[in-house]
Amino acid sequence: MLLENFYESFNSWFAAKLSDKNWLLKLALLSVLISLFLAFPPYSLLVSHLKANGAKLDAWVFIQNQAQDLFHPKDMDYDVRRENMILRWTLPFLSFITNHNVVLILMAQALCGVLFLHNIGKYIFKVSGDKLITGFFVLAIANIFVSVWTFADIHGYGDGFAYFFLLTALLSRNPFVIFISLQIAFFTDERAVVAGGYLLLWWIVVKAYEKNDFSLSGMIKAGLLGESAVVWIAWICYFGVRNYVLATYFPNHSYSTIGTPVLFASAHRNGLGSSIWSAFEGTWLLMGSALLALFLTRRYWLIAALFIGFSILVATGIYVHDIDRALSYGFPFILAAFFILYKTASLSSLKLILFFTMLICVGHPQVFYMGYNKILWLEPLPMKLFMLLDQTMSWNLFR
């Protein structure tokens, strides 16, 4: 009874806050502020990097080298990180047009993060017509890795750009927008290339419900035609360019980590279970509810397709140290779960599920795994300030 009263009171209060004309933009900005307060980015590392004239964060050094000579970057074989970067051109392009201004690039990535949440909210409201459902969903997404990392990534990975352009492709029905967005995402990080398949699954889910056709032939058709065809064309173009560039400019290049399931090694194994949970946190409740809905409505072919897709997501994740980044490219599964529940459950049930999803995502500490059995924690802002005071006063409490 007490929980029910709290739920009703919170809904009334939250609905009042969402009554403003520009409620969606304010919701996105508020969600970002809450996220930053609860998981403050490691900007101190960025400050150290800038003070050292760009010598602290190695990825930015190589990005600048790429920007100066895309096909003949200096020190390419310095380490594994660099050998993986030679066909990631989005950040070098931004480095070139900003005269290697790291702060401007990170500001652009942060803008993509705000727009990522805004555009998700716009879609959720378009489908549901309910501001509370939209608010709960945006708050939940804002406090899991896919959103938090867009602001916390000061290292030069650029995943925030890839997430944003994958979402742009996912929500668009314009073939040109889809194609260009996918190319930008693909050339940001190879994980986005794999994520193109999750967009196919998204359109398979959407069209199955739109056409009420859950047959295997209908799903195959949805995965090959329409928006899905643009993904196939984007893949063909990307691999064509990739193979040409490798053969012409990097004929002796190889990837030393390909074929190695990193997360199964003893030095990394402890991060696997943590990341599988923490990459999605409370949205597991949403996805689990959608799976149950599919079982109850006997959509077995759809379950099989999504299971195969999610298995690919996890399987590709275990081949890298930073599995949270890899798993977060699976955010289309969260949107698909919402769509399935919207089509199969009542709005009141969906609202309740999203309420608890939001509570878990907001309340869960932001932890992630970056290799060598180290679980990292993004401290809340008050803790960061106390750590700064500790460093200033030389108390050494956090040594």
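I call a residue buried when its relative accessible area is under 20%, exposed when over 50%, and partly exposed in between (1.4 Å probe, protein chains only). By that cut-off, I noted that 52% of the 399 residues of the chain count as buried.

The model I looked at is predicted, and local features need pLDDT of at least 70, side-chain atom pairs count only at pLDDT 80 or more, and totals for chains, interfaces and linings use all residues. Residues are numbered from 1 along each chain as its sequence is written, and side-chain values use heavy atoms, with hydrogens and water left out.

For the whole chain, I looked up the secondary structure and found 21 helices and two strands, taken as DSSP runs numbered from the N terminus (helices H or I, at least four residues; strands E, at least two). The radius of gyration of the chain is 22 Å, close to the 21 Å of the globule rule for 399 residues, so the chain is as compact as a globular protein of that length; the radius is taken over C-alpha atoms, and the rule is 2.2 Å times the number of residues to the power 0.38.

I then turned to Tyr255, which lies in the loop between α14 (227-249) and α15 (271-278). Tyr255 is buried, with a relative accessible area of 19%. Leaving out residues up to four places away in sequence, I listed its contacts (heavy atoms within 4.5 Å) and found that Tyr255 touches Glu83, Asn84, Ile86, Leu87, Glu190 and Arg242. I also checked Trp203, which is 52 residues from Tyr255 in sequence and 33 Å from Tyr255 in space, C-alpha to C-alpha.
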